[in-house]
Amino acid sequence: MSLRLSTVILPYVRWHEGGRSAWQRAEQLGFHTAFTYDHLSWRSFRDGPWFGAVPTLTAAAAVTDRLRLGTLVTSPNFRHPVTLAKELISLDDISGGRVTLGIGAGGTGFDATALGQEPWTPRERADRFGEFVPLLDRLLTEDSVSYEGDYYSAHEARNIPGCVQRPRLPFAVAATGPRGLKLAARHGQAWVTTGDPRLYENGTPEQSVQAIRGQAEKLADACAAIGRDVKELDKVLLTGFTPDRGRPLESLDAFVDFAGRHMELGITDIAIHWPIPDSDFAADEKVFEQIAMEAPAQLR
């Protein structure tokens, strides 16, 4: 098994002031996929520039040819399946079938209250996610969909001609709890983890590896319960949120060691953040590019 290396480009730079060049450089460096966050604003970037995910990915599709594009992750916090499906079908068409939808239940950040609602509890997020994913699946695979649920409705929602990718563009489902893992098993073409957030502050890299191993085992159990081979799913690790923090990007050797330990858990894809000075994602650009160009060959 060889590792696929992807990157995450945060949409905080104006397109004509460096935004475009980052996506083009990602393709030149050979990344498998370039993702972006689908938020209305995010953490320390809240009071600065921040652009929408779908328009950014559409622009990126127009200036690249081979690079896959995606979100990490889209959530129900401010999205509705009917309108999202139309945007995704359009993006998949414009990109020539290069889109992956990273999708998760959402959290308690700024997106959770931007539309004026109270933050949902973890149970409410899981309930909504449990409707959101299957309905979106239908909207992306059927010409016309009608549905009445507890949280979402669709009335003769038409999505012709559907996705370029068949039967639809792939879902990369972010999940660690039992309900989310069941959705990943049933609807996902990939599973996404950031590790165990409870270990970020005071945990060790070894504890993080054990936690991810446990998550992967629960995913395998969820797949077995519906008669699916867990090997059918890619396993994506979004870095930057484990106790290792930015250390894997300090050198090529450090990254190869980090990636190798996670490949042993069955991780097939690792996503690293494009360097952002003076942030949690600060990194030496030369080292970052060396990792992009040389690490995959060492991880075959």
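In classing pocket-lining residues, Ala, Val, Leu, Ile, Met, Phe, Trp, Tyr, Cys and Pro are taken as nonpolar, Asp, Glu, Lys and Arg as charged, and the others, Gly among them, as polar. By this scheme, the lining of the second largest pocket in the present predicted model comprises 17 nonpolar, four polar and four charged residues. These 25 lining residues include Ile9, Val13, Gly18, Gly19 and Ala22, which lie nearest the centre of the pocket. Its volume is about 410 Å³. Two or more lining residues come from each of helix H1 (19–28), helix H2 (53–62) and helix H8 (285–298), with H1 giving the most, namely five residues.

The largest pocket has a volume of about 1500 Å³. A total of 47 residues line this pocket, and Arg43, Gly106, Gly107, Thr194 and Pro197 are those nearest its centre. Strand E3 (68–74), helix H4, helix H5 (178–187), strand E8 (190–193) and helix H6 (205–225) are the elements that each supply two or more residues to the lining. Divided by class, the lining of the largest pocket holds 20 nonpolar, 18 polar and nine charged residues.

The overall fold was examined next. The protein contains eight helices and ten strands. Its C-alpha trace extends over about 55 × 45 × 35 Å along the principal axes. The radius of gyration is 18 Å, which agrees with the value near 19 Å for a compact globule of 300 residues. Of the 300 residues, 52% count as buried. Among contacts with a separation of 6 or more, 74% are accounted for by residues 24 or more positions apart.

The interior was then described in terms of nonpolar cores. The largest of these has 70 residues, and the most contacts inside it are made by Phe31, Leu136, Leu140, Phe255, Ile270, Ile272 and Ile291. Helix H4 (residues 122–141) gives the most to this core, contributing seven residues. A second, separate core consists of 17 residues, including Phe45, Trp50, Phe241 and Ile276.

The surroundings of Ile272 illustrate the packing in the largest core. When residues up to four places away in sequence are left out, Ile272 touches Leu5, Ser6, Thr7, Val8, Phe31, Thr239, Leu249, Phe255, Phe288 and Ile291. Among these partners, Phe31, Phe255 and Ile291 are also listed with Ile272 as residues with the most contacts inside the largest core.

Terms used: Residues numbered from 1 in each chain as written. Predicted model: local features only at pLDDT ≥ 70, side-chain atom pairs only at ≥ 80, totals over all residues. Heavy atoms only, no water. Core = buried A, V, L, I, M, F, W, Y, C linked by side-chain atoms within 4.5 Å. Buried < 20%, exposed > 50% of the residue type's maximum accessible area, 1.4 Å probe, protein only. Helix = DSSP H or I, 4+ residues; strand = E, 2+ residues; numbered from the N terminus. Contact = heavy atoms within 4.5 Å. 1 Å grid on protein atoms, 1.4 Å probe; cavity = no way out; pocket = protein on both sides within 12 Å on 5 of 7 lines; lining within 4 Å. Points joined across faces, edges and corners; volume = space filled by probe spheres on them. Rg over C-alpha atoms; globule rule 2.2 N^0.38 Å.
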